[in-house]
Amino acid sequence: MESKGKVGIVGSGLIGKSWAMIFASVGYNVVLFDIDSKQVEAAIESIRNELKHFESEGTLRGDKLSAEEQAKLITGTSSLQECVKDCVYIQECVPENLELKIKVWSEVDKMVTENTILASSTSCIVPSKISADLKNKERFIVAHPCNPPYHTPMVELVPAPWTNQDTRTKTRQIMAEAGQGPVSLSRELPGFVLNRMQYALLNECFRLIKDEVVSPQDLDVVMKDGMGMRYAFMGPMETIHLNADGTQNYCDRYGHTIYNVSSDSGPIPTAWRQETEDDKATVGRISSLMCETVPMEQLADRRLWRDKRLAALAKLKRSMQ
């Protein structure tokens, strides 16, 4: 397969490694950067092993390149210049710290060509805060993946006020080509879309558990054996469209009930801030209850279990398309 061009990945942690594998799966030459050469070497070795594992499990992405061929497309460097030089696309994956991201991008900004798309994996920092002082800020955009990115392909594309239309369009095309599920926002806002939806759900979960309406374990059953079964294949809007004779009919039939129940939901739980002893006690109680399901010493094993189940689900969904 002829190379589609060069992609630079800045940061070699979990998210950076995932992006490297995603882009390599469709034929991009990928250069992975980190300041520590040993970290880079370890990341490249980890990528090779993961690709081989995915291939053996039948969950490898890309249908034209083997795990070995994909691995050969990914190289590492401890030189930022070498990573970003002549890239068509750069994905930054450094820790979620605004000052660090501004520092990294101020350096990258001096090295890129006038056609390079500049993307950040940030999960909650609006792009205008990162890119305000960049000379190439019109080509800056947030491409926020879901975790783990390799098996959960949704990616939010969040423009800054100055991000040009060409960047928005091309980034969406690149993501779709790489097998991601792009979600284009018209403008930036705190939490983007994924976290705003997630936080709304978590707020209700905290209220129900704090008020001892339901246990954390039974609440999780509502999602994994109820709502989650539907949402794995269609979103909430298609769900309501199918659950009645279209969306208009759903609102006609259930709108007042939804409004009345929602009015009873209550305020945002203050436990998130943990500023009072009562709030700290609430978080402590919920944490203790969750440790009954997954003890702290079993978190690593449970994460591996989660990733395998997500990989299997992703494989199933691809087979149904």
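E277 sits out in the open: its relative accessible area is 60%, so it counts as exposed. Keep in mind that this is a predicted model. E277 has a partner, K280, and the two form a salt bridge with their closest N and O atoms 3.7 Å apart. Why can these two reach each other along the chain? They are 3 residues apart in helix α12 (residues 277–293), which means about one helical turn separates them. K280 itself is partly exposed, with a relative accessible area of 40%.

**More salt bridges**

Here's the general idea: side chains of opposite charge can pair when their charged atoms come close. A search of the whole structure turns up 11 salt bridges. Three of them are listed here.

| Salt bridge | Closest N to O |
|---|---|
| K280 and E277 | 3.7 Å |
| K101 and E96 | 3.8 Å |
| E138 and R139 | 3.1 Å |

Take K101 and E96. Is K101 buried or exposed? K101 is buried, because its relative accessibility is 0% and the cut-off for buried is under 20%. Its partner E96 is partly exposed, at 38% relative accessible area. There's a bit more going on here, since E92, E96 and K101 are linked in a network of salt bridges.

Now for E138 and R139. E138 has 27% relative accessibility, so it counts as partly exposed. R139, on the other hand, is buried, with a relative accessible area of 7%.

**A strand on the inside**

Let's move on to strand β6, which covers residues 140–145. How many of the residues of β6 are buried? The count is 6 of the 6, so β6 is largely enclosed by the rest of the structure. You can check this face by face: F140, V142 and H144 are buried on one side, while I141, A143 and P145 are buried on the other.

β6 also has strand partners. Strand β5 (residues 117–120) runs parallel to β6, and 3 bridges join them. In that pairing, A119 stands opposite I141. With strand β7 (residues 154–159), β6 pairs in the antiparallel sense over 5 bridges. Here A143 stands opposite L157.

**Zooming in on H144**

One residue of β6 deserves a closer look. H144 has 6% relative accessibility, so it counts as buried. What does the side chain of H144 join up with in a polar contact? The partner is the side chain of E156, and the contact is 2.7 Å. Leaving out residues up to four places away in sequence, H144 also touches several others, including S120, S121, T122 and S123. M154, V155, F192 and N195 are among its contacts too.

**Two spots on helices**

S18 is found in helix α1 (residues 14–24). S18 counts as buried because its relative accessibility is 4%. Setting aside residues up to four places away in sequence, S18 touches P149 and Y150.

Y199 lies in helix α8 (residues 194–210). With a relative accessible area of 43%, Y199 is partly exposed. Which residues form a nonpolar patch on the surface with Y199? They are L202, I268 and W272, and the four together have about 410 Å² of accessible area.

Technical notes
Residues are numbered from 1 along each chain as its sequence is written. This is a predicted model: local features need pLDDT of at least 70, side-chain atom pairs count only at pLDDT 80 or more; totals for chains, interfaces and linings use all residues. Side-chain values use heavy atoms; hydrogens and water are left out. Helices (H or I, at least four residues) and strands (E, at least two) are DSSP runs, numbered from the N terminus. Buried means under 20% relative accessible area, exposed over 50%, partly exposed in between (1.4 Å probe, protein chains only). A polar contact is a pair of N or O atoms within 3.5 Å; within protein, one must be able to donate a hydrogen and the other to accept it, and residues adjacent in sequence count only if both atoms are side-chain atoms. Contact means heavy atoms within 4.5 Å. Patches are made of residues with over 30% relative accessible area and no salt bridge: like charges are joined within 9 Å, nonpolar side chains (Val, Leu, Ile, Met, Phe, Trp, Tyr) within 5 Å. Accessible areas come from the Shrake-Rupley method with a 1.4 Å probe; for residues, only the protein chains shown count as cover. A salt bridge is a side-chain nitrogen of Lys or Arg within 4 Å of a carboxyl oxygen of Asp or Glu. Two strands pair if DSSP finds at least two bridges between them.
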